[in-house]
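Subject: Structure handover

Hello,

Here is the structure for you to look over. My notes on it come after.

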Amino acid sequence: MASDDDNNSLSSSPKHVVMLNEQPNVAAAARNTSTAQRNLSSAGGAATTDSSHGVRRKKVMPLEHGCEDNWTWSKRHRSKEIVLSGPNNRTVHFHPNWSKGTAGVQGKRPLNNGRFYWELHVSQRVFGTSIMFGIGTKQARLHANSFRNMLGENEHGWGLSHKGVLWHKGVALLYTKRFKENHPTVIGILFDGIEGTLSYYKDGKCLGVAFRGLDKVKEPLYPIVCSTAAKTEMTLKCTRRDFVNLQDRCRAEIIKRVKTREDLVNLKLPPLITQYLSEVINDVAPLRQVDNYDILCDF
């Protein structure tokens, strides 16, 4: 049922809080996610410091050796509750007056068979039922007259909500910590159509692989964002794409023989090569399905 929480961020106070220490299985999943974040931080490109020399290394951006990819949001494929503005219509305003449901917009860039990275700068209005980031086919709906997790409600979408939960085919999986309410954040999304994966970054840190098997999807896939919260704003700040070349094939052959990050470290390869290979290694524990999502996240 709809509530005023999606129209007033100050009114979104806890209704039913379930502490993680009261849920041992959920707490274990949270610890696994934290471990995954630490393991994948080098792949994510977060700036690091060499403790022996005190030298701060340059932050590595995903696909930094690729090229700019200047796509934007579609004026045609969007909810009537969305207004586009700014240079090249890269800023999305959701529910500019009052929220009565869920609004989404599709990007113009088809993603299949390539590697793409984009960043979304989200305003401080992070609250409400669901703010989502991800991808979908043209069959994914972009408007609903109710507050819901719209991206990933069926087989046509793959999305991450601001409550740290992944959605696909209506199934919710714990993935990361819930975003802080009323705090701006930067969400990075890395789509690898060669490996068939979708990974998320938050404020420069890699959260790990979220979805796999996307190389098997035959329909065109597009970036999609949606929100239930009134006056939410997102701006597309960075869009890059990779060159598909012999390097991709070489990496695929190497990864067939390198199963874990420990194996990769033992090879003692140059840092840039290690970082490139680590992007496609996934040796973390599987995510736990959320069976009591409404109780866990409705606060």
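Below is what I found, from the overall fold down to single residue pairs.

Confidence first. This is a predicted model. Mean pLDDT is 81, and 76% of the residues reach 70 or more. One stretch needs care: residues 11-53 stay under 50 throughout. For those residues the model has 66 contacts beyond four places in sequence.

Overall make-up. The protein has five helices and 18 strands. It is 299 residues in length, and 48% of them count as buried. The accessible surface comes to about 15200 Å². Carbon and sulfur atoms account for 52% of that area. Contacts reach across the sequence: of those between residues at least 6 apart, 67% join residues at least 24 apart.

Strands. Start with β5 (residues 82-85) and β6 (residues 91-94). They pair in the antiparallel sense over four bridges. S85 has T91 in β6 as its bridge partner. The two strands form a hairpin with five residues between them. G86 sits in the turn and has a positive phi of about 80°. β6 also pairs with β18 (residues 232-241). That pairing is antiparallel too, again with four bridges. Here the bridge partner of F94 is T232 in β18. β6 therefore has bridges to both β5 and β18. As background, side chains in a regular strand alternate between the two faces of the sheet.

Salt bridges. The structure holds 10 of them. Three pairs are described here.

- D69 and R109: the closest N and O atoms are 2.6 Å apart. The pair links distant parts of the chain, 40 residues apart. D69 lies in the loop between β3 (67-68) and β4 (73-78). R109 lies in the loop between β7 (102-107) and β8 (115-122). D69 is buried, with a relative accessible area of 5%. R109 is partly exposed, at 22%.

- R115 and D242: the closest N and O atoms are 3.8 Å apart. This pair also links distant parts of the chain, 127 residues apart. R115 is in strand β8, and D242 is in the loop between β18 and α2 (246-255). R115 counts as buried because its relative accessibility is 4%. D242 counts as buried as well, at 17%.

- K202 and D203: their side chains meet at 3.3 Å, N to O. K202 counts as partly exposed, at 21% relative accessibility. D203 is partly exposed too, with a relative accessible area of 45%.

How do R115 and D242 fit with other charged residues? Which residues share one network with them? D192 and R251 do: salt bridges that share partners join R115, D192, D242 and R251 into one network.

Surface. L267, L269 and I273 make a nonpolar surface patch of about 230 Å². L267 lies in the loop between α3 (261-266) and α4 (271-278). Its relative accessible area is 44%, so L267 counts as partly exposed.

To start viewing, I suggest the β5–β6 hairpin, then the network that includes R115 and D242.

Best wishes

Note on methods:
Residues numbered from 1 in each chain as written. Heavy atoms only, no water. Patch = residues over 30% accessible without salt bridge, like charges linked within 9 Å, V, L, I, M, F, W, Y side chains within 5 Å. Areas by Shrake-Rupley, 256 points an atom, 1.4 Å probe, with all protein chains shown as cover. Salt bridge = Lys/Arg side-chain N within 4 Å of Asp/Glu carboxyl O. Buried < 20%, exposed > 50% of the residue type's maximum accessible area, 1.4 Å probe, protein only. pLDDT = per-residue confidence, 0-100. Contact = heavy atoms within 4.5 Å. Pairing = 2+ DSSP bridges.
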